[in-house]
Each structure stands twice: as C-alpha cells, then as structure tokens.
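Here's a quick briefing to read alongside the model. Have the structure open as you go through the bullets.

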Amino acid sequence: MSRYEFLGKRENLRLHRKAVLAEIQSHRESLLAACSIVNDAEDLDGEYIAVLGVKLSEGLIELKGIDRKIEILTRELGDE
C-alpha cells in the first residue's frame, strides 16, 4: 500500500469515527433522558433503557477498534 492509500484510509477512518461518536453521544443523551431522576421508578421503560445501553456499548467497542486502526496507520506513516 502506498503512502497516499494509507493517508486516504486513515482519513476515511477519521470520518467514520466522527459518525460513530455522534451516534454514541445521541445514545448517551437518550439514555440519560430515559433515566431522568424526575421520573418515578415505575415510569421507567426498562426495555428501552436496556436497548440503549447495548447500543451505547456496541458503539464504544466500535470506536475503540477505529481508534486502534487509526493509531496503527499513523504509526505506519510515521506521523506520531
């Protein structure tokens, strides 16, 4: 792979990272709203909260993988 291909791949990963991060932040905000302390405990939607928690966790795992790939490409490019 040429240097330009590495640079292009890293830039694509950075753009994907931004999209994943925006999704994570959206799930986080939704989760915080669903768990609001102003709601009574019996009004909480446990299934919705669980789904949000899983999606948040999956997003964080994906984000870590993207960060590792970016780190590797940066190292390969010598741009540390």
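**Starting at Glu62**

Glu62 is partly exposed, with a relative accessible area of 37%. Its home is helix H2, and this is a predicted model, so take everything below in that light. From Glu62 we can step back to the chain as a whole, then look at two buried positions and the salt bridges.

**More on Glu62**

- Setting aside residues up to four places away in sequence, Glu62 touches His16 and Val20.
- Glu62 and Ile37 are 25 residues apart along the chain, and their C-alpha atoms are separated by 30 Å.

**The chain overall**

- What does the chain have in the way of helices and strands? There are 2 helices and 0 strands.
- Helix H1 covers residues 3–34, and helix H2 runs over residues 46–77.
- Taken along the principal axes, the box filled by the C-alpha atoms is roughly 60 × 15 × 15 Å.
- The radius of gyration tells a matching story: the chain has 18 Å, whereas a compact globule of 80 residues would have one near 12 Å.
- Just 22% of the 80 residues count as buried.
- The chain exposes about 6,000 Å², and carbon and sulfur atoms supply 54% of that area.
- Take the contacts between residues at least 6 apart in sequence: 75% of them join residues at least 24 apart.
- On the charge side, the chain has 12 positive and 16 negative charges, and the mean positions of the two sets are 11 Å apart.

**Two buried residues, one per helix**

- Is Arg10, over in helix H1, buried or exposed? Arg10 has a relative accessible area of 8%, which is under the 20% cut-off, so it counts as buried.
- Beyond its neighbours within four places in sequence, Arg10 is in contact with Ile70, Leu73, Thr74, Leu77 and Asp79.
- Leu52 sits in helix H2 and is buried too, because its relative accessible area is 6%.
- Which residues does Leu52 touch, not counting those up to four places away in sequence? They are His27, Ser30 and Leu31.
- Asn12 is another matter: it lies 40 residues from Leu52 along the chain, and the two C-alpha atoms are separated by 27 Å.

**Salt bridges**

- How many salt bridges does the structure hold? There are 2.
- One of them pairs Asp67 with Arg17, whose closest N and O atoms are 2.5 Å apart.
- That pair links distant parts of the chain, with Asp67 in helix H2 and Arg17 in helix H1, 50 residues apart.
- Asp67 is partly exposed at a relative accessible area of 30%, and Arg17 also counts as partly exposed, at 27% relative accessibility.
- In the other bridge, the side chains of Glu71 and Arg75 meet at 3.7 Å, N to O.
- Why are Glu71 and Arg75 separated by about one helical turn? Because they are 4 residues apart in helix H2.
- Arg75 is partly exposed, with a relative accessible area of 42%.

Terms used. Residues are numbered from 1 along each chain as its sequence is written. This is a predicted model: local features need pLDDT of at least 70, side-chain atom pairs count only at pLDDT 80 or more; totals for chains, interfaces and linings use all residues. Side-chain values use heavy atoms; hydrogens and water are left out. Buried means under 20% relative accessible area, exposed over 50%, partly exposed in between (1.4 Å probe, protein chains only). Contact means heavy atoms within 4.5 Å. The radius of gyration is taken over C-alpha atoms; the globule rule is 2.2 Å times the number of residues to the power 0.38. Accessible areas come from the Shrake-Rupley method with a 1.4 Å probe; for residues, only the protein chains shown count as cover. Lys and Arg count as positive and Asp and Glu as negative; His and the chain ends are not counted. The place of a charge is taken as NZ of Lys, CZ of Arg, CG of Asp or CD of Glu. A salt bridge is a side-chain nitrogen of Lys or Arg within 4 Å of a carboxyl oxygen of Asp or Glu.
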